[in-house]
Amino acid sequence: MRRSRETCSRAALGCLTMMVLAALVGACATRTDTRKQIQEIYVHWNDLSQRRDIDGLAAMLHQDFAYTDETGRVEARPAFVDRVKQALAVSRGLRYEVEVKALHEAGDATTAETHYIVHMEFQQDGKWIPVTRDLDLVDTFVRHRGGWLLRSSRVVKVNEPPVADAAEQPVAADGAARRR
């Protein structure tokens, strides 16, 4: 039996629709997988930080890694690793809360808009001073050998938390007290 043009067109349109839906479902699954992978990277970073594993942390950074702080100052990978090493040497109780607010994928790169809350204590004048940093960052990851490396991290905004004790001085990320 011969098919009419209309029947063939409907069949072709049906196949095309199924292909588009399959591609969309695949893309959603990929985005979900990427989100899960990126979130796992943050969990791993937190774990390595708590264990003070500077080599493990450095291994998560791309060779061309760049960190931009809230003042706009840019640090290359070696300077950033030194900063982390120094911060770990004078701190304890370091832990991160990270919320991935948005994820943008482009080929082998993914950019995560994140909200970090960093909890730690710094030693200053023989006392342990609790510090909480509340930050919004943009992190860019690139695929590398079946995984992800952090290519750049940029502080977009520092959200100042309310001061719990008026006598307590805020402490900068490098452990130095900031004077008001």
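A residue counts as exposed when its relative accessible area is over 50%, and as buried when that value is under 20%. These cut-offs are applied below to a predicted model.

**Two loop residues**

D125 lies in the loop between β4 and β5. Its relative accessibility is 75%, so D125 counts as exposed. R145 is placed in the loop between β5 and β6. With a relative accessibility of 81%, R145 counts as exposed because the cut-off is over 50%. Each has a positive phi although it is not glycine: near 55° for D125 and near 50° for R145.

| Residue | Loop | Phi | Relative accessibility |
|---|---|---|---|
| D125 | between β4 and β5 | near 55° | 75% |
| R145 | between β5 and β6 | near 50° | 81% |

**The β3–β4 hairpin**

Strand β3 covers residues 91–106 and strand β4 covers residues 109–124; the two run antiparallel and are joined by 13 bridges. Within this pairing, V98 is opposite Y116 of β4. The two strands form a hairpin with 2 residues between them, and G107 in the turn has a positive phi of about 65°.

**The nonpolar core**

In soluble globular proteins, nonpolar side chains tend to be buried together. The largest nonpolar core of this model contains 32 residues, and I38 and F141 have the most contacts inside it. At least two core residues come from each of several elements, including α1 (5–50), α3 (77–89), β5 (127–144) and β6 (147–159). Leaving aside residues up to four places away in sequence, I38 touches L103, T110, A112, F141 and W148.

Notes:
Residues are numbered from 1 along each chain as its sequence is written. This is a predicted model: local features need pLDDT of at least 70, side-chain atom pairs count only at pLDDT 80 or more; totals for chains, interfaces and linings use all residues. Side-chain values use heavy atoms; hydrogens and water are left out. Two strands pair if DSSP finds at least two bridges between them. Helices (H or I, at least four residues) and strands (E, at least two) are DSSP runs, numbered from the N terminus. A nonpolar core is a set of buried Ala, Val, Leu, Ile, Met, Phe, Trp, Tyr and Cys residues joined through side-chain atoms within 4.5 Å. Buried means under 20% relative accessible area, exposed over 50%, partly exposed in between (1.4 Å probe, protein chains only). Contact means heavy atoms within 4.5 Å.
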